[in-house]
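Let's take a walk through this protein together, one stop at a time. Have the structure open and follow along as we go.

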Amino acid sequence: MPVNTSRISGFHKLSRLERLAKIADLTGLSKEEKAAFSAASAPLGETADHLCENVIGTMNIPFGIATNLIIDGEDVLVPMATEESSVIAAVCNGARQCRDTGGIFTSKDENCMIGQIQISGLENPFAARAALFENISEIKTICDECDTLLVQLGGGFRDLEVRVLDTNPPIVVAHIIVDCRDAMGANTVNTMVEKLADKVEQWTGGKVELRILSNLADRRLVRARATFPASTIGGAKTRDAIIRAGRFAVADPYRATTHNKGIMNGISAVVLASGNDTRAVEAGAHAYAARSGQYSALTRWEKDNEGNLTGTLELPMPIGIVGGATRVHPSAQMAMKIMNISSADRLASIIAAVGLVQNFSALKALATEGIQRGHMSLHANNVALAAGAVGAEIEILAIKMVEAKNVRVEFAEQILVEMRNG
Ligand code: NAD
C-alpha cells in the first residue's frame, strides 16, 4: 500500500528489527512477509548494520562457482554472485574451450588511483599549474603522511599531473597518482586530496573546490588474453563469425553497450562476490570504453597465424582485498578463500579473465545459434518459480515451456494448473 509519508523522524536511531517493524507497519507487510524477510536476512545479522545505513535486512543473491578456469597457469575456482541465469554457465563453458591453449593470461599496471583537486578563481591557470609542480616534494610528503602503513607496504604518492580545462573561466585540475597496493583506495585517496586543499590554495592563489577520487582508474589497467583453437569452437566459420561480431561492437555504440554489458555480467559478479565496489568498476569500465570519444567494445577478437581465435580485454580494475566490505562480509571472505587470493593483483587478473571468457561465450552463441535457446532453458527455471512451481515441479515445468518455445509466466501458470490437475 502507498505510504502516507516518507518522513520518519529518528529512523536511523532505531535498531534493525525496530526499523523493520516500523516499515512493516507503514507499508502493510503481513506478519508472515515480515517473518520470511527477517529469516532470509538473519545470516548477515549485525554485520549488515555496519555496512550501510537504515538497514532493515539483507537481500540474498545466489553465489555460484565458475569452473574450468586456468589463469596465468593456475587452475582456480571463481565465486560469482549474480541473480542472472546463464552467466556462470557461460563462463564455465567458455573457460573449457581455451584450456588446451593454457587458459587465460593476464598483465597489470601498478595499483595506482587518481585523486582530483578542482581549483577555480584563477586568472593565471598556467602559472598556478607551474606553482603546483614546484611543490611536488611537499605534495608527496603530505600525501604519504596521511597513510604511513600504505607507504610501509610500498605504496603511497607516485606522481602529479595538472590539467587546465578549457572552460570559461578556466578550471585547473590537479591529479595525485597514488599506489594503493592491495586496497581499492577510495578512502585513502580522498583523505589525501582533502589534506592537500589548504596548501594548494596557498601555492596557486585559487580556490579549491571538489577533492575526490576519479573512478576513471586508467592507471590501474588489467589485460586478459586467451586463445581458442578453431577446431574446439566449431571451426573456421564460427571463428570468423565471432571476429565479425567483435568488429560490429568496436564500430557501433548501440552494439558495444550490450557487448560490454555482457562482459560486466561476469566482472560485476566476481567483484560483488569478493565484497568490492561494483559501481566503481562499472563506472571505470564504461568510461574507458568511451576514451576515444566514441563508446566502443572493451574486447578485441582476432585470428592468429595458426588460425586460432584470440581474444583480449583491457579495462581499469579498482578493486582491493582490504578495506570496504572485503574483510567484513563473511561471503566475501569465503570468496577470497575459494580463490586462494593473497593480493589485489591476482583478484584483478581473475576478474578480467572471467570478463573475457564471458564475452567469448556470448559472442559464440550470438554469432551461431543465437542466445535464446541456451538462455531460455536456464531462464525457464526462474519463470517456473515465478509461476509458483515448487520442488520437482520447477524442472518439469521449465522443460515443458522450452519444448513449447513459450517461456512466459502466464503460460507457466496455465501448465502448472494442468500439471496439478493431473
Ligand atoms: P580503506 O579506507 O579501508 O583503506 C584501506 C587502508 O588499509 C589503507 O589506508 C591502508 O593503510 C590499509 N592497508 C592495510 N593493509 C594493506 C595492504 N596490504 N594494501 C593496502 N592498504 C592496506 O579502504 P579503501 O580501499 O581506501 O576504500 C575502499 C572503499 O571506499 C570501498 O568500499 C568503496 O566502496 C568506497 N568508496 C568509493 C568511492 C568511489 O569509488 N568514488 C568513494 C568513496 C568511498
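Our starting point is helix H13, which spans residues 344-367 and is home to Asn359. Keep in mind that what you're looking at is a predicted model. Is Asn359 buried or exposed? With a relative accessible area of just 2%, Asn359 falls under the 20% cut-off, so it counts as buried. And who are its partners there? Leaving aside residues up to four places away in sequence, Asn359 touches His259, Ile263, Thr299 and Trp301.

Now let's slide back to the loop that comes between helix H12 (330-339) and H13, where you'll find Ser343. Ser343 has a relative accessible area of 21%, so this one is partly exposed. Its side chain reaches the backbone nitrogen of Arg346, at 3.1 Å. If you skip residues up to four places away in sequence, Ser343 touches Asp182 and Ile321. To get a feel for distances, try picking out Arg19 as well: Ser343 and Arg19 are 324 residues apart in sequence, and their C-alpha atoms sit 38 Å apart in space.

Time to zoom out for a moment. The protein has 422 residues, and 47% of them count as buried. Its secondary structure adds up to 16 helices and ten strands. Measured out along the principal axes, the C-alpha atoms fill a box of roughly 85 × 65 × 45 Å. What about contacts between residues at least 6 apart in sequence? Of those, 70% join residues at least 24 apart.

Next up is a strand. Asp179 belongs to S6, which covers residues 171-179. Its relative accessibility is 1%, so Asp179 counts as buried. Which side chain does the side chain of Asp179 meet in a polar contact? That would be the side chain of Arg158, at 3.4 Å. Arg158 also turns up in the list of residues that Asp179 touches, along with Glu110, Asn111, Cys112, Leu150, Gly155 and Gly156, again not counting residues up to four places away in sequence.

From here, let's look at how some helices pair up. Take H6 (residues 136-146) and H8 (residues 186-204): they pack at an angle of about 150°, and their axes are 9 Å apart. An angle over 145 degrees counts as roughly antiparallel, so that is how H6 and H8 run relative to each other. Their crossing is right-handed. On the H6 side, the contact is made by Glu138, Ile139, Ile142, Cys143 and Cys146, while H8 brings Thr191, Met192, Lys195, Leu196, Lys199 and Trp203. Sorted by class, the contact of H6 with H8 has seven nonpolar residues, three charged ones and one polar one.

Our last stop is another pair, helix H1 (residues 16-27) and helix H2 (residues 31-41), which pack at about 150° with their axes 11 Å apart. That angle makes H1 roughly antiparallel to H2. H1 passes H2 in a right-handed crossing. Which residues make the contact? From H1 come Leu17, Leu20, Ala21 and Ala24, and from H2 come Lys34, Phe37 and Ser38. By class, five residues in the contact of H1 with H2 are nonpolar, one is polar and one is charged.

How values were computed. Residues are numbered from 1 along each chain as its sequence is written. This is a predicted model: local features need pLDDT of at least 70, side-chain atom pairs count only at pLDDT 80 or more; totals for chains, interfaces and linings use all residues. Side-chain values use heavy atoms; hydrogens and water are left out. Axes are lines fitted to C-alpha atoms, for helices over the stretch in contact, and angles run from 0 to 180 degrees between N-to-C directions. Helices (H or I, at least four residues) and strands (E, at least two) are DSSP runs, numbered from the N terminus. Angles under 35 degrees count as roughly parallel, over 145 as roughly antiparallel, 65 to 115 as roughly perpendicular and the rest as oblique. A crossing is left-handed if the near helix is turned anticlockwise from the far one by less than a right angle, and right-handed if clockwise. Contact means heavy atoms within 4.5 Å. Ala, Val, Leu, Ile, Met, Phe, Trp, Tyr, Cys and Pro count as nonpolar, Asp, Glu, Lys and Arg as charged, and the others, Gly among them, as polar. Buried means under 20% relative accessible area, exposed over 50%, partly exposed in between (1.4 Å probe, protein chains only). A polar contact is a pair of N or O atoms within 3.5 Å; within protein, one must be able to donate a hydrogen and the other to accept it, and residues adjacent in sequence count only if both atoms are side-chain atoms.
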